[in-house]
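Me: I've got a model open on my screen and want to talk through some of its details. Can you take my questions one at a time?

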Amino acid sequence: MQKYIVKRLLLAIPTILGAITLVWFAMQAAPGDPALMFVPPDFQGEEAEEYLAKVNEKYGFNDPLPVQYLRYMRNTLQFDFGTSLRTMRPVSEDLARRIPNTVRLGVAAFLLAAAMGISLGVLAAIKRGTWVDSALMVFALAGVSMPSFWFAYVLILLFGLYIPILPPSGLGGPKHMILPTIVLGYTSAGYLTRYVRSSMLEVINHDYVRTARAKGVSERNVLIKHALRNGLLPVVNVLGIQLAFILAGSIIIEQVFAWSGVGLYLIDGVVGRDFPVIQGACLLIASSVVLINLLTDVVLVYVDPRIRFE
């Protein structure tokens, strides 16, 4: 197990480095000069040019691109993501304050998606061909097809304006989490419902399930001890994918609901062309996705004895 985890971690390093390298070069190729945001509005002509030159010299924007890149990678390996060009605070400190908010929202959405997706998928498989199955598939298809930001605005209008029982935005108590949790969880629940249904239907048709029924095993025990246990094994991998999907989807949802997390921090950095913020947030998100995939593989090996370490 330890060798397997170390091997996967070593393979994850190039992935993370490749992701932050692509982000860095993409920001360098973007039009505009981030140093312009430091120039006071009342500075004009030569005065503005002189001030701009000082800013570029201070932050190393005049250095050749290879020098800037190597400096950035060196600082990143030391967990130094630089200083925000807008707030003048260390990016690592800003991220440390926002990570708990994103984790809290992501975990709540993931638990909602897992509970809804697994239970509704199993129910749809049991009620295959009935109106219950059709209704649940329509429910799942709506979650998969509906743009999350549009669904978010619908809920804000409905429960924040027309029926004002929930706060429409902001970071606060449990009530502030309800709407963004529903939006993030519903889409993943739609995917899980469809996948769990398909997996359960495949298992139900296997010979060992029919044999259990022929031996007189009750339908409840057939579903729980045979079909459900084996039908949910492939779902473990999908759960990991959906957790990563929720993490990525929270970028837009945090913006819609003004949720002070890593996603909103990243969007603010993109709007303000704040290079250190963008690079630090992207590095954090990429690392989280890689670690989630690693954790999913390890859990899958434990729950499925047919898989062996390589």
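Me: Let's start with Ala-258: is Ala-258 buried, partly exposed or exposed?
Reply: Keep in mind that this is a predicted model. Ala-258 sits in the loop between helix 10 (233–256) and helix 11 (262–271). Its relative accessible area is 39%. Buried would need under 20% and exposed over 50%, so at 39% Ala-258 is partly exposed.

Me: And what is the phi of Ala-258 near?
Reply: Most residues other than glycine have a negative phi. Ala-258 isn't a glycine, yet its phi is positive. The value is near 50°.

Me: Phe-79 has a positive phi as well. Where is Phe-79 found?
Reply: The phi of Phe-79 is near 60°, and this residue is not glycine either. With a relative accessible area of 67%, Phe-79 is exposed. As for its place, look in the loop between helix 3 (65–77) and helix 4.

Me: On to charges. How many salt bridges does a search of the whole structure find?
Reply: Side chains of opposite charge can pair when their charged atoms come close. Here Asp-94 pairs with Arg-89, Asp-94 also meets Arg-97, and Arg-197 meets Asp-133. The search of the whole structure gives a total of three.

Me: How far apart are the closest N and O atoms of Asp-94 and Arg-89?
Reply: Asp-94 is buried at 2% relative accessible area, whereas Arg-89 is partly exposed at 37%. A salt bridge needs the nitrogen within 4 Å of the carboxyl oxygen, and this pair makes one with its closest N and O atoms at 3.0 Å.

Me: Which helix holds both Asp-94 and Arg-97?
Reply: The side chains of these two residues form a salt bridge, N to O, at 2.3 Å. Arg-97 is partly exposed, with 46% relative accessibility. In sequence Asp-94 and Arg-97 are three residues apart, about one turn of the helix, and that helix is helix 4 (residues 91–126).

Me: How many residues apart are Arg-197 and Asp-133?
Reply: The side chains of Arg-197 and Asp-133 meet in a salt bridge at 2.8 Å, N to O. The pair links distant parts of the chain, with Arg-197 in helix 7 (residues 174–204) and Asp-133 in helix 5 (residues 131–145); they are 64 residues apart.

Me: Are Arg-197 and Asp-133 buried or exposed?
Reply: The cut-off for buried is under 20% relative accessible area. Arg-197 has 18% and Asp-133 has 5%. Because these values fall under that cut-off, Arg-197 and Asp-133 are buried.

Me: Which residues do salt bridges with shared partners join into one network?
Reply: Asp-94 bridges to Arg-89, and Asp-94 bridges to Arg-97 too. That shared partner gives one network of Arg-89, Asp-94 and Arg-97.

Me: Which residues gather in the patch of negative charge on the surface?
Reply: One of them is Glu-50, found in helix 2 (residues 45–59). The full patch of negative charge is Glu-46, Glu-47, Glu-49 and Glu-50.

Me: Last one: which residues does Gly-240 touch, not counting those up to four places away in sequence?
Reply: Gly-240 is in helix 10 and is buried, at 6% relative accessibility. Its C-alpha is 9.7 Å from that of Val-299, although the two are 59 residues apart in sequence. Setting aside residues up to four places away in sequence, Gly-240 touches Ile-292 and Thr-296.

How values were computed:
Residues are numbered from 1 along each chain as its sequence is written. This is a predicted model: local features need pLDDT of at least 70, side-chain atom pairs count only at pLDDT 80 or more; totals for chains, interfaces and linings use all residues. Side-chain values use heavy atoms; hydrogens and water are left out. Buried means under 20% relative accessible area, exposed over 50%, partly exposed in between (1.4 Å probe, protein chains only). Helices (H or I, at least four residues) and strands (E, at least two) are DSSP runs, numbered from the N terminus. Patches are made of residues with over 30% relative accessible area and no salt bridge: like charges are joined within 9 Å, nonpolar side chains (Val, Leu, Ile, Met, Phe, Trp, Tyr) within 5 Å. Accessible areas come from the Shrake-Rupley method with a 1.4 Å probe; for residues, only the protein chains shown count as cover. Lys and Arg count as positive and Asp and Glu as negative; His and the chain ends are not counted. The place of a charge is taken as NZ of Lys, CZ of Arg, CG of Asp or CD of Glu. Contact means heavy atoms within 4.5 Å.
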